Structure formats: structure tokens, C-alpha cells
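Q: Could you take me through the sheets in this model, with a close look at how they're put together and what packs on them? Carry on from there to the neighbouring details if there's room.

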Amino acid sequence: MTAVGAGREAFWAGIKKKKSGIGFISRFNTEHYNARCAGEITDFVASDYFPPHKLKRLDRYSQFALVIAKQAMDDAGIAYSPETPTFDIGCSFGTALGGITTAESQHERFVAEGRKAIPPALALQVFGGSAHSNIAIHYGLRGYGTTNSNSCASGTVAVGEAYRVIRDGLAEKMIAGAAEAPLSPLTYGAFDVIKSMAVEHEDASNAVRPFDVSRTGFVMAERGASVMLETQDDALARGANILCEGGGYALNYDAYHMTSSLPGGASAIKAMEDSIKEAGIEPKDIDYINAHASSTMMNDDSERDAIVEVFGEKTPPISGTKAYYGHPLGASGAIEAAICALSIKEGYIAPTLNCHKTDVPEGFDIVALEERQKDMTYVLSNSFGFGGINSTLVFKKYDG
């Protein structure tokens with residue numbers, strides 16, 4: 001669910017068209033903000049998906065979550081029914097901020113009108129776990145369920161934890177994904193005042209410039225993505241369209257600072273090394289890296305240095321795809337997991353948009369501006385978040 005496209009086919013077509021989903025924010029007045037760009041979804045009409053009595057109880061974050069969960073199950077050919085609940089399907093979800101924008105808007109009403117203005121469903125809308133809880137209720141899923149809030153790594157953690165749940169025999173099928181709907185004045189302003197967001201006043205589509213020397217920060221976005229994971233035996237028995245296999249997963253912390261990366265990048269390095277080790281391979285076996293590449297000076301530089309430390313002077317091809325859809329905080333890793341799966345399936349590396357001039361070492365292989373065709377067996381995806389959170393996934397080509 002992105003401004004690049006909604007649903008697997010439309011989203012992937014938008015990526016291949018090198019479509020930018022970034023524009024100047026229209027939801028509120030940004031006159032007094034330094035940043036003015038966002039990745040808004042302007043064509044999502046919630047009433048097309050939910051009846052009025054359900055809409056009253058759903059934050060926009062949960063609306064996205066419900067839609068993308070259904071898309072994932074439908075695309076995978078998974079049967080589900082709220083009338084006949086099943087323990088066979090679980091849900092691992094992620095979000096950085098949950099229903100914070102609903103809380104923000106309702107607080108304004110509370111200040112103006114007092115206690116009588118508090119909607120009865122508010123407590124159920126704003127907590128982070130509302131997404132996977134609603135997914136379970138709406139689709140009749142009684143299996144393993146969890147939501148994490150590991151800031152900008154939440155989506156990657158959601159996929160990785162689902163992978164481990166299946167690997168450890170706790171479930172046969174898991175919806176894994178993340179959603180974020182953070183575009184409201186206070187939440188947007190919280191990141192604006194710490195000067196982490198891109199300052200662009202002319203061409204919004206050029207605001208996200210991963211690894212480019214002129215980058216000025218990330219662009220906040222609302223987005224969501226889900227993938228289906230299941231055991232190989234179950235997928236083969238159903239005749240599923242398998243995109244790729246899970247290979248490795250790692251999660252750790254810098255234990256250093258809430259916003260600054262750990263000097264030297266030891267934890268980011270270890271996350272990559274551990275995920276590669278769990279996949280049973282070596283760094284030289286990685287065919288492509290989907291970088292976190294948030295387009296901030298500090299993050300891109302620290303990730304670059306960590307990648308060089310792991311892979312040496314000559315790296316695999318690397319691209320940062322947030323220039324297409326912005327940085328939807330906790331949802332970004334889930335979107336990038338979907339991109340990695342589709343990249344492996346089709347042998348397509350999406351280019352890094354707006355990356356015209358870099359200061360990376362000579363062997364640092366950025367796929368910039370133009371796509372690249374490449375047969376890939378192993379792909380690595382990085383996510384790094386506020387609080388010093390590092391998470392990495394490795395995906396493997398399915399050759400069955």
C-alpha cells in the first residue's frame with residue numbers, strides 16, 4: 001500500500017517505471033516547518049474497504065494493516081474466514097508509532113471540548129498491537145501473534161521473527177508486515193525540529209537522494225506492506241507461487257545513542273555477518289544489497305562504512321529504494337523485503353533514484369539511476385532504526 005502502487009502488480013510496475021511517490025505535503029500547513037515533503041497516499045479511500053461501523057474503530061494505521069494483510073493472503077492463495085477461525089495462520093507485525101496520529105487529532109478535540117469528546121474506541125485505536133489484533137479478528141486467525149515497535153527496523157524484525165516462528169515449528173503460515181500512518185502536524189514536527197528530514201522547496205520528487213553528496217535527510221511517508229511466509233512442504237502442497245526462501249535474520253543494538261550511529265559500526269557489521277552466517281553462506285555469496293539508505297548524511301555514511309567492512313573494497317551491487325516511496329519509519333523494512341523477494345524472482349535490481357554524485361569508495365557498487373538485470377541467489381536487506389537498532393535479512397532464490 002504505497003503511492004507508487006497498491007498491490008503487488010501495481011507496486012512492482014511503479015518500481016520498474018522508476019516512479020516517485022514523493023510530493024509536497026497537502027494534509028496540513030507546513031509554512032513554519034523546515035521540511036515540506038512527504039510520501040502521502042492520496043488515493044486511499046477507506047470506505048471502499050470497510051463499512052461505516054467498522055471504520056469508526058479503525059485508525060488509519062490499522063486500515064492499512066488490514067488491507068495489506070488481505071492482499072498478501074489473497075496473492076498467496078491462502079484461504080481464511082472469520083466464520084471458521086484457524087490456528088494455522090499467525091501474524092507478525094511491526095510499527096514505529098502505531099495509532100499516534102489518531103491520538104494527536106483526538107487530543108485536539110479533548111482540549112477544545114473536554115472529556116465528552118473522547119471517542120469510546122480511542123483506547124483500542126492507538127496501541128501498536130491494534131493492527132495484528134484487528135487482522136486476527138477480521139480474518140479469523142488464531143495462530144501465533146505479535147507486534148514489535150523497533151523504530152525504523154520494525155518491518156524487518158516482523159519478517160525475521162515470522163521466519164523464526166516457522167523455522168522453530170510454532171506455525172506453518174505467517175503474515176509478516178508493517179504499516180505506518182505518521183503524517184500529522186505534531187508527529188511530523190517532532191522529526192522536523194531535530195533536522196532529520198529533507199529540506200526541499202522546489203522538486204519534491206528529488207528530495208530523497210540516497211548516497212548522493214547533496215542529500216539533506218529522509219522524507220516521512222505513510223505506507224504498508226505484508227508478505228506471506230510458510231513451510232516449504234505446505235507451499236508445495238498448495239501449489240503456491242513461491243517468490244523466494246528465507247535465509248537468515250539478525251537483530252541487535254548499538255547500546256550507544258538514540259539518534260547517532262555507533263562509531264565504527266560494530267553492531268551494524270555484526271547484524272550483517274550474523275544473518276549471512278545463519279544463511280550458511282559467506283559475504284562473497286551475496287548478489288545484491290538493498291540498503292537502509294535513509295538519505296541522511298550520518299546514516300548513509302555509517303552504512304557505507306559497515307558494508308565495506310563486511311564485504312571488502314569490492315561490494316555486491318547496492319541500491320537504496322526509499323527514493324521511490326519515502327521513509328515510512330517502521331514499515332520500510334517490510335516494503336524492502338517485498339522488493340528483495342521480487343528482485344530475486346525476476347533478476348531485477350531497482351536503481352537508486354536521484355543518486356547523481358557520490359563520495360563512496362571506488363569498489364562500492366551503487367546501482368544508480370538505471371536498473372540492472374542480474375541472476376541472484378542471495379540478497380541482503382538492511383534496516384537501522386532510532387535507538388541504535390540494527391536488523392538484517394537474507395533471502396534465497398527458490399530453485400524448486
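A: Here's a walk through the sheets, then the aromatic rings, then one helix.

Keep in mind that this is a predicted model. Let's begin with the open sheet of four strands, whose order is E4-E3-E5-E6, with mixed pairing. Its edges are strand E4 (145–148) and strand E6 (223–230), each of which pairs on one side only. Going from one strand to the next, the twist averages 15 degrees. Inside the sheet, strand E3 (residues 89–94) and strand E5 (residues 173–180) run parallel and are joined by six bridges. If you want a spot to zoom in on, try Phe 93, whose bridge partner in E5 is Gly 177.

Now for what sits on that sheet. Helix H3 (residues 60–76) lies across E3, E4, E5 and E6, and runs at about 35 degrees to E6. Helix H13 (residues 332–346) packs there as well, touching E5 and E6, with its direction at about 55 degrees to that of E6.

H13 turns up again in a moment, so hold on to it while we look at the open sheet of five strands. That one has the order E7-E13-E12-E8-E9, again with mixed pairing. Strand E7 (245–253) and strand E9 (318–319) stand at its edges with a single partner strand each, so each has one side without a neighbour in the sheet. Strand E8 (residues 288–290) pairs with strand E12 (residues 378–385) in the parallel sense, over three bridges. Here the spot to zoom in on is Ile 289, which stands opposite Leu 380 in E12.

Helix H7 (residues 154–167) packs on this sheet and touches E7, E12 and strand E13 (389–396), its direction making about 120 degrees with that of E7. And here's H13 again: on this sheet it touches E8, E12 and E13, and its direction makes about 170 degrees with that of E12.

On to the rings. The count of aromatic pairs comes to 11. One of them is Trp 12 with Tyr 348, an edge-to-face pair at 5.7 Å centre to centre with 80 degrees between the planes. This pair links distant parts of the chain, 336 residues apart: Trp 12 belongs to helix H1 (residues 8–16) and Tyr 348 to strand E10 (residues 348–349). Trp 12 is buried, because its relative accessible area is 6%, and Tyr 348 counts as buried too, at 4%. Tyr 49 and Phe 50 make a tilted pair, 6.3 Å centre to centre and 45 degrees between the planes. Tyr 49 counts as partly exposed, at 43% relative accessibility, whereas Phe 50 is buried, at 6%. Those two rings belong to an aromatic cluster with Phe 44 and Phe 64. Back at Tyr 348, its ring has Lys 16 over the face, 5.2 Å from the ring centre.

Last stop, helix H4 (residues 100–113). Its 14 residues reach 20 Å from first C-alpha to last, close to the 20 Å expected at 1.5 Å a residue. The buried residues of H4 are Thr 101, Thr 102, Glu 104 and Gln 106, and what covers them includes helix H5 (122–126) and helix H8 (185–193). After H4 comes Gly 114, with a positive phi near 85 degrees.

How values were computed. Residues are numbered from 1 along each chain as its sequence is written. This is a predicted model: local features need pLDDT of at least 70, side-chain atom pairs count only at pLDDT 80 or more; totals for chains, interfaces and linings use all residues. Side-chain values use heavy atoms; hydrogens and water are left out. Two strands pair if DSSP finds at least two bridges between them. Helices (H or I, at least four residues) and strands (E, at least two) are DSSP runs, numbered from the N terminus. Axes are lines fitted to C-alpha atoms, for helices over the stretch in contact, and angles run from 0 to 180 degrees between N-to-C directions. Contact means heavy atoms within 4.5 Å. Rings of Phe, Tyr and Trp (its six-membered ring) pair if their centres lie within 6.5 Å; planes under 30 degrees apart count as stacked, over 60 as edge-to-face and the rest as tilted. Buried means under 20% relative accessible area, exposed over 50%, partly exposed in between (1.4 Å probe, protein chains only). A charge sits over a ring if NZ of Lys or CZ of Arg is within 6 Å of the ring centre and within 35 degrees of the ring normal. The expected span of a helix is 1.5 Å times one less than its number of residues.
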